[in-house]
Amino acid sequence: MSRKIAIFDTTLRDGEQSPGASMNTQEKLVVTRQLLRLGVDVIEAGFPISSPGDFQSVQRIAAEVGDRAVTCALSRAVDKDIDECGRALADCPRPRIHTGIGVSPQHLKYKFRGMSLEEAIDRGVHAVKRARKYTDDVEFYAEDAGRAPFEDLARMIQAAVKAGATVVNIPDTTGYEMPWVFGERIKYLREHVDGIEDVTISVHCHNDLGMATALAMEGVRNGATQIECTINGLGERAGNTAMEEVVMAIKMHGEELDAHTDINPSEFLQASRLVSSITGFPVPPNKAIVGSNAFSHSSGIHQDGVIKGRDTYEIIDPTLVGAKGSSIVLSARSGHAALRKRLEDLGYEVGDKEHFDKIYRDFLDLADRKKEVMDEDLHSLMGERARNEDALYTLKATQISCGQPLTPTATVTIADPEGHEHIACEYGTGPIDALYKAIDKIVKADCDLSEYSVQSVTRGIDALGEVTVRIMSADGEVYSGRGSECDITVSSAKAYLNALNRMIRKEH
Ligand code: KIV
Ligand code: ZN
């Protein structure tokens with residue numbers, strides 16, 4: 001039997017740290033259910049000390065996961081952080097606390113203001129011992145290990161193992177290291193840390209040089225048996241190792257790596273679309289494994305080759321990762337039971353009859369305009385509902401006139417948090433400029449639009465158009481907003497209002 005490589009998903013923690021990718025608890029629960037369908041071994045649910053919302057999410061995710069996977073919570077090597085993790089995971093059947101401290105010269109000098117390596121090691125040891133009071137499953141991370149001298153890292157890891165860490169995480173926090181050097185680093189630890197054979201070596205890599213997958217694979221080749229990763233490679237800056245990439249790489253090269261995972265790859269496409277839809281981070285068409293072009297062949301020579309023999313140009317059977325699989329299509333003729341079943345299969349809680357009836361009405365409204373309702377439409381519809389549930393300002397009506405040689409003009413009606421309706425009219429360089437100026441007149445928030453994009457949710461000219469915006473507040477914080485409608489000017493208004501609502505609430 002080959003080595004089992006545990007898959008540690010951090011979409012809900014490191015992934016969510018990408019500016020503008022924040023998810024609310026309900027959204028995190030939907031992603032959690034999908035991660036369970038994939039069969040991940042560990043779910044990093046959040047950083048409980050960071051906010052009461054995160055604390056609550058960790059509790060809710062732990063309850064949802066139960067004993068189907070390990071639920072992990074992150075902390076710094078700080079007593080109150082660790083105690084919050086302990087509290088958040090108190091009722092969890094398989095809790096893990098993930099604690100640690102910086103090890104590189106850069107982190108010790110700047111982040112820890114000149115702390116010595118010895119002091120950092122002592123803090124790490126104390127943190128591991130404190131975490132062990134709450135659980136026997138303690139993972140220690142040596143932050144920025146990728147830029148630390150091998151000997152310094154080995155000293156810190158040795159101390160963590162002696163203190164009782166059961167997993168040691170070697171992060172290339174800045175995505176700096178060359179894959180083969182990272183591999184040598186893991187080998188060095190195996191050769192220089194006593195007792196390392198009794199703990200799990202984990203690799204946590206970032207994609208700043210586009211090598212997060214290669215780094216993780218070198219880690220595995222040299223003895224790591226856990227990979228930390230995210231769906232679509234979501235994460236800080238250029239992101240983390242993408243789960244779909246490492247899992248498929250191990251699947252294709254399992255024999256030479258002497259490794260396998262227990263992941264069910266046929267859930268990858270679904271997972272990718274779900275995370276993209278919830279976070280508003282589009283998947284590039286050329287993204288490995290889950291991009292829309294990952295299995296398309298356009299040049300005549302390639303098409304001819306694939307017709308003669310699929311593996312001339314295709315190394316993975318698309319159905320293996322859930323592409324081109326059976327797609328269930330609902331329509332206005334679909335009844336309550338069909339919609340309920342599909343939504344539950346996709347991971348949504350549909351609530352009691354009264355709540356579900358409202359969802360069904362929204363579904364019928366969409367199905368009247370768009371004949372075939374696909375899973376992607378359902379994600380969009382549920383996302384739209386979740387965004388509107390607790391919105392402060394809500395869009396009541398829009399009217400736009402534009403074209404050439406007209407002056408683009410927009411009129412909007414918006415209800416304020418007290419339910420009073422306000423109407424504003426503006427003109428601009430284009431319909432969106434006019435629309436956003438009209439909204440600004442009512443909401444009066446100080447911000448800059450830093451990103452605007454529109455994507456069709458499915459194929460076809462009747463598709464829903466999903467707009468994602470990012471705005472920057474006067475204090476430099478980034479907030480994202482989404483809106484989805486058949487009319488993209490309405491999606492645009494909804495997306496902007498959603499971002500403004502989050503900014504007013506300071507919901508990242
Ligand atoms: O990148 C990193 O070093 C991290 C740690 C908190 C594990 O995310
Ligand atoms: Zn990270």
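Mentor: Let's start with a term we will need: a salt bridge is a side-chain nitrogen of Lys or Arg within 4 Å of a carboxyl oxygen of Asp or Glu. Keep in mind that this is a predicted model.

Trainee: Thanks! Which residue meets the side chain of Lys28 in a salt bridge?

Mentor: The N to O distance for this pair is 3.5 Å, inside the 4 Å cut-off. Lys28 sits in helix α1, and its partner lies 12 residues away in the loop between β2 and α1. That partner is Glu16.

Trainee: Is Lys28 buried or exposed?

Mentor: The cut-off for buried is under 20% relative accessible area. Lys28 has 2% relative accessibility, so Lys28 counts as buried.

Trainee: How many of the 14 residues of α1 are buried?

Mentor: Helix α1 covers residues 25-38, and its buried residues include Thr25, Glu27, Lys28 and Leu38. Among the elements that cover them are β3 (42-46), α2 (52-65) and α9 (243-257). The helix is largely enclosed by the rest of the structure, because the number of buried residues is 12 of the 14.

Trainee: Which residue caps the N-terminal end of α1?

Mentor: Look for a side-chain oxygen that lies 3.2 Å from the backbone nitrogen of Gln26. At the other end, α1 is followed by Gly39, with a positive phi near 90 degrees. The N-terminal cap is Asn24.

Trainee: Now the metal: which residues coordinate the zinc ion (ligand 2)?

Mentor: The donors follow the spacing D-x189-H-x1-H along the chain, which points to one Asp and two His. Both histidines are buried. With distances of 2.0 to 2.1 Å, the coordinating residues are Asp14 (OD), His204 (NE2) and His206 (NE2).

Trainee: Where is Arg470, and where is the Glu451 that meets it in a salt bridge?

Mentor: Their side chains meet at 3.5 Å, N to O. The pair links distant parts of the chain, 19 residues apart. Arg470 is buried at 6% relative accessibility, whereas Glu451 is partly exposed at 40%. Arg470 is in strand β15 (residues 465-473) and Glu451 in strand β14 (residues 447-456).

Trainee: Which residues do salt bridges with shared partners join into one network?

Mentor: One member, Glu384, lies in helix α14 (residues 375-389) and is buried, with a relative accessible area of 9%. Its side chain makes a polar contact of 3.0 Å with that of Arg387, and Glu384 also touches Lys494. The network consists of Asp365, Arg369, Glu384, Arg387, Glu485 and Lys494.

How values were computed: Residues are numbered from 1 along each chain as its sequence is written. Chains are lettered from A and ligands numbered from 1 in the order in which they are written. This is a predicted model: local features need pLDDT of at least 70, side-chain atom pairs count only at pLDDT 80 or more; totals for chains, interfaces and linings use all residues. Side-chain values use heavy atoms; hydrogens and water are left out. Helices (H or I, at least four residues) and strands (E, at least two) are DSSP runs, numbered from the N terminus. Buried means under 20% relative accessible area, exposed over 50%, partly exposed in between (1.4 Å probe, protein chains only). A polar contact is a pair of N or O atoms within 3.5 Å; within protein, one must be able to donate a hydrogen and the other to accept it, and residues adjacent in sequence count only if both atoms are side-chain atoms. Contact means heavy atoms within 4.5 Å. Donors are N, O and S atoms within 2.8 Å of the metal (3.2 Å for Na, K and Ca); water is not among the atoms, so sites may look incomplete. The expected span of a helix is 1.5 Å times one less than its number of residues. Lists of a residue's contacts leave out its neighbours within four places in sequence.
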